[in-house]
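Visitor: I have a model open and would like to learn how to read it. Could we go through some features one by one?

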Amino acid sequence: MFDLTIKNNRVTCRPGETVLDALLRENINIPYGCKAGVCQSCVVQSLDARPPVKAQGGLKDTLKSSGHFLACQCHPEQPMTLKLSKEAASFADGRVVANEPLNRNTQLLIIEIRDADRYRAGQFVNLQRSDGLTRSYSIANIPHASGALEFHIRRLPGGRFSTWVHEELKVGDSIPVSEPQGQCFYLPDRKDQGILMIGTGTGLAPLAGILADALAHGHSGPIGLFHGSREHEDLYHVDQMRALAERHPNFSYTPCVSSGDAPEGIIQGRANEAALAAHPDLSSWRVFLCGHPDMVKTAQKQAYLKGAKLADIYCDAFVVAAEQAPVA
């Protein structure tokens, strides 16, 4: 028998019981469905002990690496401290060290924070205003390298939080930052694998972080980044990405615009269409999709049809703020 600790609760998992069995027996509310490890409704996270290999079957590598497992498939092999998916994220105080424009409607916000090595490039966090207004933004850098988190924050029409960031938030201000969330990040276990990245708007933020992380780890496989916007003026980091492509022969960068005339060196058309046309076979590739939900959904289906495994397709759809997903 092993003890399971969840916040202030301690549950003993009896011989033959799964973690799900034990939690349900003690009336701890946890979502579940098939109880066969197929629906993945009962994913929880171990904060200390490594889960049994069988309990992580079918999960993405990023989930496995962060201690997530299927409660219905887990027979504990040691005591575990658990976090349920429904638990609210905790916050720590950060300090604004930069807030400057990237283009006509996007700010680069840099927040210094303690324990930056807890965060991974490509994950997202919740940022909170003093009145409790909270929005989610993706991490655009390698946090442990600088002790800070970088975000690309686009001003949304009528957006209360983004307008506040653009007009009122100042260098030196304090701002609460949640613990890291999300599974859209780089793992260095398959350095020769091809990586395709497709982003729209500030969907470039997590991709820029993931790209920096992959290059820092010496990724040797081809990396292709396709970044799109509606108009040329809404692209950003073009020169930086081109400079990276010059320094790293395995990295290619393709900026795209979907309306208006495309200047020289920029593709006319949608980023996802250009990317997938250039990669007819994705059977051994890892794919990262970040930005508008419609683009992410369409590209996910197309990447799968072109051979990419679902476990190798990582999605970060930026929905409207009211839905509280990444809206960077």
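Visitor: Does L305 count as buried or exposed, and at what relative accessibility?

Guide: First, a caution: this is a predicted model. The cut-off for calling a residue exposed is over 50% relative accessible area. L305 has 64% relative accessibility, so it counts as exposed. L305 belongs to helix α8, residues 293–305.

Visitor: Which residues make a nonpolar surface patch with L305?

Guide: Y304 and L310 do; together with L305 they make a nonpolar patch of about 350 Å² on the surface.

Visitor: What lies in the loop between α8 and β17?

Guide: One residue to look at there is G307. Its relative accessibility is 30%, so G307 counts as partly exposed. For contacts, set aside the neighbours within four places in sequence; G307 then touches L282 and S283. D281 is 26 residues from G307 in sequence, yet the C-alpha to C-alpha separation is 6.2 Å.

Visitor: How should I read the sheet that contains β17?

Guide: The general idea comes before the case. Strands of a sheet pair through backbone hydrogen bonds, in either a parallel or an antiparallel sense. Here six strands make an open sheet with parallel pairing, and the order is β15-β14-β13-β12-β16-β17. At the edges are β15 (267–268) and β17 (313–317), each of which pairs on one side only.

Visitor: How many bridges link β16 and β17?

Guide: Five, in the parallel sense, with β16 covering residues 285–291. To follow one of the pairings by residue, start at L289: its bridge partner in β17 is C315.

Visitor: Which residues of helix α6 are buried?

Guide: For this one, buried means under 20% relative accessible area. In α6, residues 238–247, the buried residues are V238, M241 and L244. Viewed down the helix axis, the buried residues of α6 fall within an arc of 125°, so they line one face. The face turned away from that buried side carries D239, E246 and R247, which are exposed.

Visitor: What do the buried residues of α6 pack against?

Guide: They pack against one helix, α5 (204–216), and two strands, β13 (223–229) and β14 (251–257). Both of those strands also appear in the order of the open sheet.

Visitor: Which way do the residues of β3 point?

Guide: V43 and Q45 point one way, while V44 and S46 point the other way. All four are buried.

Visitor: Which strands does β3 pair with?

Guide: One is β4 (residues 68–70), joined to β3 by three bridges in the antiparallel sense. V44 has F69 of β4 as its bridge partner. Another is β5 (residues 80–84), which runs antiparallel to β3 and is also joined by three bridges. On that side, Q45 has K83 of β5 as its bridge partner.

Visitor: Now the backbone angles. What is phi at N27?

Guide: Phi of N27 is positive, about 60°, although N27 is not a glycine. N27 sits in the loop between α1 (19–25) and β3 (43–46). With 72% relative accessibility, N27 counts as exposed.

Visitor: Where is D115, and what is its phi?

Guide: D115 is in the loop between β7 (106–112) and β8 (124–128). Its phi is near 55°, again a positive value in a residue other than glycine. At 48% relative accessibility, D115 counts as partly exposed.

Notes: Residues numbered from 1 in each chain as written. Predicted model: local features only at pLDDT ≥ 70, side-chain atom pairs only at ≥ 80, totals over all residues. Heavy atoms only, no water. Buried < 20%, exposed > 50% of the residue type's maximum accessible area, 1.4 Å probe, protein only. Arc of directions from axis to C-beta. Contact = heavy atoms within 4.5 Å. Patch = residues over 30% accessible without salt bridge, like charges linked within 9 Å, V, L, I, M, F, W, Y side chains within 5 Å. Areas by Shrake-Rupley, 256 points an atom, 1.4 Å probe, with all protein chains shown as cover. Salt bridge = Lys/Arg side-chain N within 4 Å of Asp/Glu carboxyl O. Pairing = 2+ DSSP bridges.
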